[in-house]
Amino acid sequence: MKIKAKIRRDMAVVKALAKHPMETGLRKDKKTDKLIPAKFIKELVCKHGDKVVYHADFGRSVSKNPYVAFSFAGAKKGDNIAMTWTDSDEETLTVEAVIK
Amino acid sequence: MRKNRRLLLKSLLGITTMATAMTAMPRLAMAKWSKAFDSSSVDDALDDLYGTTELTTDDTITLKIPEIAENGAVVPVTVKTKMDNVTKISIFAEKNPQPLAASFTLPEGTAPNVSIRIRLGESQIVKAVVEADGKLYTTEQEVKVTIGGCGG
Amino acid sequence: MTRNKLHLVLLLASSLTMLTACIDSSLANESTASSQNQPAIDIITLIEQAEQALAEAGRLGFEWSVTGPLLEVAHTTYKAGNHEQATTLFQEVKLQSLLAIEQARYADENWQMLVPVID
Amino acid sequence: MKCLTCLSAMLVGTLFMSTPSFADPQSDSDDVRAFFQKRFSNITLEDYADGAYALNENARMQWEEIEEFPPYEDAVDEGMVLFETPFANGKSYASCFPNGGIGIKQDYPKYDIETQQVITVEFAINQCRTSNGETALPYGQGELAYVSAYMASTSRENIIKVIIPDDDGALAAYEAGKKMFYERKGQLNLACATCHISIAGGQLRAEITSPALGHTTHFPAFRFGWDDIGTLQKRYAGCNKQVRAKPFALQSEEYRNLEYFHTFMANGLPLNGPGSRK
């Protein structure tokens, strides 16, 4: 997951691109003709310090390698944010970034 | 565009130095992922997510989505509104097998302005639902999904 | 699916109409002859001709992407003992290759037709 | 449908284009530009670097959204690491290129008079590897494409400046590339020029065909269809297959000559690769 965060007009603008196949469970493997099991991010959370500033729940209609953008108040340049996704297999990944 | 790209280049070069710590963390105990994401109709999903299907159409909500999708697998969507006290924004793709694409919970201080890229299996209506002051408002737009020629 | 087939037929037909007009008369006679079920050339000769024509099309840089795979199918069919169908397939390989060769000749003489000219 | 559209386009095409006499590269390029200027009078030369997105606002908007956080950044990062990692002999890619390989893509392809051949960036990358005792890499995608993408990223905004030296071989290579561009081939009997000059800006099913002018600016490109970054010549092979012509080997003499012609046409345009395409 890559995160770009910067302050613009008093708001922290966050853009993130997560690397994830986002398999719907409805797609067939072209070679074996069998369904590829579902595996998709269900939850993406962003924390600024201890505060949750963004919480997204995803279904199967979110594109492969999900991209999100949002903005929140109360942060300043140099602050840290941490984003965590959890997928349908309960796998999880946290990535931190510094607000520029 | 060119200016954007120059900025982008800078960030491209800077990106590897950006502090990124990867740690496995226990799953955050947040609001439970809703079974609404498994529902096969918009109404069921609405009911599961909000406990109601009553929506007020409000065209002041901005639903920015292309009228003709370049690539059905990657359709950029932005939902934003000037309403106050927005607590939730959700996006539905009516004809997808499970229409609820994403639902955003926005704590105080987070702007009611979210972007995401979604998949659209075919041409259909995409609906945005905004929860503000406990009430549900909606707007929608038709998106045509074309099957590629040679570019795709 | 039927639409796809129709599409394919249309494509084939269009390439054929575009090209057969230019193909020299001996070739045209030959294909008429075989379609009228007159004594056909033996399959070994046909295979040789098909492969030679394909190699020539390749040498000219004009081989069609569909012809090589078709040749494989033809060989498999032949090995399976289905000579009648194999004959049809080898004929198709030969025809496609001859069309490609003709395309190369045509391109050599006429490629400048698509160069934009400003008056 | 596609076939019918193409057919009628071909007929129309033949009507308004007549046979030119032999021309020098510069006037070829001037003619192509004049042709496009006439067709798309509201587009500046620089806009052609954006391909079909210069012609359609709706598609352009989506492309710009994607470029907000483009899918090729990982590849470029990886390319930078690969580029900077020394070979077993201690040398690196930088030792093989002018200016250490940074900001030089606008000068490629080059014609090497000594070996009488066209040298593309990708070809030079593998030449660099083999001359330093490393194995050659596949030309379509993967590590070589990442290195090339990184090199392209350091050349963004630079103005394409391909030179055809005063040499019979160089001119012949250019002419061969030009001929290939205008030759109809494949089962569909289409030339590069059919879609990308004659009917450029028109619609092939759901696609707007992009103008040939500016094609080379944004490669290597991330194409969602490939799900990866790939080289210009990988696209050439793809185009050949789409008209059902058997593609040439990547970095074959044929494709290098084609790239030489194709890029010369884009002289004066800014590089903006890597780019994302659907």
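The exchange below takes up terms applied to a predicted model and sets values against the cut-offs behind them.

Reader: What makes the pair Phe35(D) and Phe36(D) edge-to-face?

Author: The ring centres are 5.4 Å apart and the planes stand at 70°. Rings pair if their centres lie within 6.5 Å, and planes over 60 degrees apart count as edge-to-face. The pair is therefore called edge-to-face. Both Phe35(D) and Phe36(D) are buried. Over all chains, a search of the whole structure gives 24 aromatic pairs.

Reader: Which residues form one aromatic cluster?

Author: Trp111(C) does so together with Tyr174(D), Phe181(D), Tyr182(D), Phe261(D) and Phe264(D).

Reader: How do you know that Lys4(A) lies over the face of Phe69(D)?

Author: The distance to the ring centre is 4.3 Å. The cut-off asks for NZ of Lys within 6 Å of the ring centre and within 35 degrees of the ring normal. Lys4(A) is accordingly listed as lying over the face of Phe69(D). Arg117(B) lies over the face of Tyr67(A), with 4.1 Å to the ring centre.

Reader: Why is Asp10(A) called exposed?

Author: Its relative accessibility is 68%, and exposed means over 50%. Asp10(A) therefore counts as exposed. Its place is the loop between strand 1 (2–8) and strand 2 (11–17) of chain A.

Reader: What is the phi of Asp10(A)?

Author: Phi is near 70°, a positive value, and Asp10(A) is a residue other than glycine. Arg244(D), also not a glycine, has a positive phi of about 60°. Arg244(D) sits in the loop between helix 9 (232–242) and helix 10 of chain D.

Reader: Why does Gly238(D) count as buried?

Author: Buried means under 20% relative accessible area, and Gly238(D) has 19%. The value is under the cut-off, so Gly238(D) counts as buried. Gly238(D) belongs to helix 9 of chain D. From Gly238(D) to Asn126(D) there are 112 residues in sequence and 22 Å in space, C-alpha to C-alpha.

Reader: How do you know whether Thr231(D) is buried or exposed?

Author: At 1% relative accessibility, set against the cut-off of under 20%, Thr231(D) counts as buried. Thr231(D) lies in the loop between strand 6 (228–230) and helix 9 of chain D.

Reader: Which residues does Thr231(D) touch?

Author: Leaving out residues up to four places away in sequence, Thr231(D) touches Glu122(D), Tyr139(D), Gly140(D), Leu144(D), Ala145(D), Phe219(D), Pro220(D) and Trp226(D). Tyr53(D) is 178 residues away from Thr231(D) along the chain, and their C-alpha atoms are separated by 19 Å.

Reader: What is the omega of the peptide bond that joins Phe219(D) and Pro220(D)?

Author: Omega is about -5°, and the bond is cis. Pro220(D) lies in the loop between strand 4 (207–208) and strand 5 (221–223) of chain D. Another cis bond runs from Gly273(D) to Pro274(D), with omega near -5°. Pro274(D) is in the loop between helix 10 and strand 7 (275–277) of chain D.

Reader: Which residues have the most contacts inside the largest nonpolar core?

Author: They are Tyr54(A), Phe58(A), Met83(A), Val79(B), Phe104(B) and Ile116(B), in a core of 67 residues. A second, separate core has 42 residues, including Ile164(D), Ile197(D), Ala200(D) and Ala221(D). Beyond its neighbours within four places in sequence, Val79(B) is in contact with residues including Ile61(B), Leu63(B), Ile91(B), Val114(B) and Val130(B).

Reader: How many helices and strands are in chain B?

Author: Chain B has 2 helices and 10 strands. Of its 152 residues, 50% count as buried. Among contacts in chain B with a separation of 6 or more, 61% come from residues 24 or more positions apart.

Reader: How many cavities does the search of the whole structure find?

Author: The search finds 5 cavities of 30 Å³ or more. The largest holds about 130 Å³ of space. Its lining has 14 residues, and those nearest its centre are Lys105(D), Tyr108(D), Thr216(D), Glu259(D) and Thr263(D). Helix 5 (121–131) and helix 10 (253–264) of chain D each supply at least two residues of that lining.

Notes: Residues numbered from 1 in each chain as written. Chains lettered and ligands numbered in written order. Predicted model: local features only at pLDDT ≥ 70, side-chain atom pairs only at ≥ 80, totals over all residues. Heavy atoms only, no water. Core = buried A, V, L, I, M, F, W, Y, C linked by side-chain atoms within 4.5 Å. Buried < 20%, exposed > 50% of the residue type's maximum accessible area, 1.4 Å probe, protein only. Contact = heavy atoms within 4.5 Å. Phe/Tyr/Trp six-rings, centres within 6.5 Å; stacked < 30°, edge-to-face > 60°. 1 Å grid on protein atoms, 1.4 Å probe; cavity = no way out; pocket = protein on both sides within 12 Å on 5 of 7 lines; lining within 4 Å. Points joined across faces, edges and corners; volume = space filled by probe spheres on them. Helix = DSSP H or I, 4+ residues; strand = E, 2+ residues; numbered from the N terminus.
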